[in-house]
Amino acid sequence: MTRTKIGVALTAATMIGLAGCNSSSSRGEGPPEEDPDHEHVAGAVRALASDQNGTLRLYNLSNGEVVWTHAFDGIGAAELSALDTTEDGRFAIISLRGGANGVAFLDSGVLVEEHDDHVHLEVEPPQLLDYRIDGDDFGASLISHVVSHAGRISAFFDGDPDLTDIAYAITIPASNLTGAPVAAQVNQGNRHHGVALPAEDGALIMSVAEGLGTARTGVRIYEGMTEVAGFPTSCAGLHGYAVVDEHYLFGCSNAQGGTLVVTHDHDTDSWTEHQVDFPAGATLGISNFAWHPELDFALAPWGNAAFIRVHPTAETMLEGDVLELPAQACGYALRDDNGEHVLVLTVDGVLRAYDSADWSAGPELKVLDTFECSGTVPILKSVGSYAYLTDPGAGSLLEIEIHDDELEIHQSIALEDEPRRLTLFRYPAGLEDHDH
């Protein structure tokens, strides 16, 4: 197995301060003379894209080379319903509907190997894992959302009205992917298009649809099979989640009047809930969030041309929490390495950066022609101090470096087909190239 190695020193606080790898490293091995991935330590190393036929391709971002291609039998673009990355940045989470009905995993080959006082950043050949979460094993159907958080992975299956009225949340330790499989935690509820969020200390927060319908109405909290708290009618139309310290946020429809915040008190091991009300007179709701572990708030789209900031301990969102955009948004991401900027792509083809704490305008860059936010739309993500943006028409991926005073296109990578979905693999966000 071929490996590219980059040595990284560990700081006492974060264990991710960088030092160049050389022949004096503890393994006695230096990097190869040509190290194509080294310049991407502060950004993504590889990208996985699916095309209009459902074919997956894994790209090295250093040179645009395709290092892995795969098409699942009987799975087209519609059945390949989502691509995500585990929270450690190593594995792809591939959600499959149709005959596959489950979750497959790809080891991207981008991983960190820890030593006493440093780490090695490894770049290995990718591998589609034998391990998968197969809904048919549990009598479940229609994969909904998959979440990787707090060292666990939770897959929510909707339930199919033609087969069953039961929805399943199937949760596994993230270590299952490379270690010996252990029994999954399986929680049940009535059918709805829901989500299950692994929380700290082993809890699971699962959306519920109370009553006879399939509309999401709130959450219940489990430790194993035991329900330890429940707020089943606190969030009409629940959709979207965020984690801010010990607070778990869920977007609610305007009819509910705000954002549901579920809080875990570690001292008493108790759970409480409260609502952060929408601004007075609001006619909009929240259905998705952006959040970052270094921020004490979350951000959310507010209609199609604004954003709103949500402080989980506040009583209400204020007028000053709203950012009005100059055009319709069609993609957004928080800057990955520190969360200090929210990056927004608008339909005039401009990528704009705003300070996430006070909404002050930062740099902007014209990256695309004016477009309609429909059909196959651009995909915007951030890894480290870079933004990554697909250009569907050109079949390319732009890598854009984020500076405090400018956005700069670092490179354009040709993709072999028009991208429909995209996820990126990285080293931990705190790693920085030693040249910086």
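This is a guided walk through the structure, one selection at a time. Keep in mind that the model is predicted.

**Start with the whole chain**

Show the protein chain as a cartoon and colour by secondary structure. You will find 34 strands and zero helices. The chain has 436 residues, and 55% of them count as buried. Among contacts with a separation of 6 or more, 48% link residues 24 or more positions apart.

**Stop 1: a cavity**

Next, select Ala 49, Ser 50, Asp 51, Thr 55, Arg 57, Tyr 59, Leu 415, Asp 417, Glu 418 and Pro 419, and show their side chains. Together these residues line the largest cavity. How much space lies in the largest cavity? About 50 Å³. The count of cavities of 30 Å³ or more comes to one. Strand 2 (44-50) and strand 3 (56-60) are the elements that give two or more residues to this lining. If you colour the lining by residue class, four residues come up nonpolar, two polar and four charged.

**Stop 2: the loop at Asn 101**

Move on to Asn 101, in the loop between strand 6 (91-96) and strand 7 (102-107). Check the backbone here: Asn 101 is not a glycine, yet has a positive phi of about 45°. Is Asn 101 buried or exposed? With a relative accessibility of 5%, Asn 101 counts as buried, because the cut-off for buried is under 20%.

**Stop 3: the hairpin of strands 11 and 12**

Select residues 143-149, which make up strand 11; six of its seven residues are buried. Now add residues 152-157, strand 12, which runs antiparallel to strand 11 and is joined to it by five bridges. To see one of the facing pairs, label His 149 and Arg 152, which stand opposite each other. The two strands form a hairpin with two residues between them. Zoom in on the turn to find Ala 150, whose phi is positive at about 55°.

**Stop 4: an open sheet**

Show strands 19 to 22 next. They form an open sheet of four strands in the order 19-20-21-22, with antiparallel pairing. Strand 19 and strand 22 (270-277) are the edges, each pairing on one side only. Look along the sheet and you can follow its twist, which averages 20° from one strand to the next.

Now zoom in on the pair at one edge. Four bridges connect strand 19 with strand 20 in the antiparallel sense. Label Ala 242 and its bridge partner Leu 249, in strand 20. Between strand 19 (241-244) and strand 20 (247-250) is a loop that holds Asp 245. Asp 245 also has a positive phi, near 55°, though it is a residue other than glycine. With a relative accessible area of 52%, Asp 245 is exposed.

**Stop 5: Leu 351 and Ser 356**

Select Leu 351, in strand 28. At 0% relative accessibility, Leu 351 counts as buried. Show everything around this side chain: beyond its neighbours within four places in sequence, Leu 351 is in contact with residues including Leu 343, Leu 345, Leu 365, Leu 380, Ala 387, Ile 400 and Leu 407. Glu 364 is another contact; draw a distance from C-alpha to C-alpha and you get 5.5 Å, although Leu 351 and Glu 364 are 13 residues apart in sequence.

A little further along is Ser 356, in the loop between strand 28 (350-355) and strand 29 (361-366). Ser 356 is in a loop, but is buried at a relative accessible area of 2%. Among the residues Ser 356 touches are Phe 297, Arg 309, Glu 340 and His 341.

**Stop 6: strand 31 and its partners**

Finish with residues 386-391, strand 31, where six of six residues are buried. Which residues point one way from strand 31, and which the other? Tyr 386, Tyr 388 and Thr 390 point one way, while Ala 387, Leu 389 and Asp 391 point the other.

Add strand 30 (residues 380-383), joined to strand 31 by four bridges in an antiparallel arrangement. Ser 382 stands opposite Ala 387. Their hairpin has two residues between the strands, and Gly 384 takes a positive phi near 60°.

Then add strand 32 (residues 396-402), also antiparallel to strand 31, with six bridges. Here Thr 390 faces Leu 397. This hairpin has four residues between its strands, with Gly 395 at a positive phi near 65°.

How values were computed:
Residues are numbered from 1 along each chain as its sequence is written. This is a predicted model: local features need pLDDT of at least 70, side-chain atom pairs count only at pLDDT 80 or more; totals for chains, interfaces and linings use all residues. Side-chain values use heavy atoms; hydrogens and water are left out. Buried means under 20% relative accessible area, exposed over 50%, partly exposed in between (1.4 Å probe, protein chains only). Contact means heavy atoms within 4.5 Å. Two strands pair if DSSP finds at least two bridges between them. Axes are lines fitted to C-alpha atoms, for helices over the stretch in contact, and angles run from 0 to 180 degrees between N-to-C directions. On a 1 Å grid over the protein atoms alone, a cavity is a set of points where a 1.4 Å probe fits but cannot get out, and a pocket is an open set with protein on both sides within 12 Å along at least five of seven lines; lining residues have an atom within 4 Å of a point. Grid points are joined across faces, edges and corners, and a volume is the space filled by probe spheres set on the points. Ala, Val, Leu, Ile, Met, Phe, Trp, Tyr, Cys and Pro count as nonpolar, Asp, Glu, Lys and Arg as charged, and the others, Gly among them, as polar.
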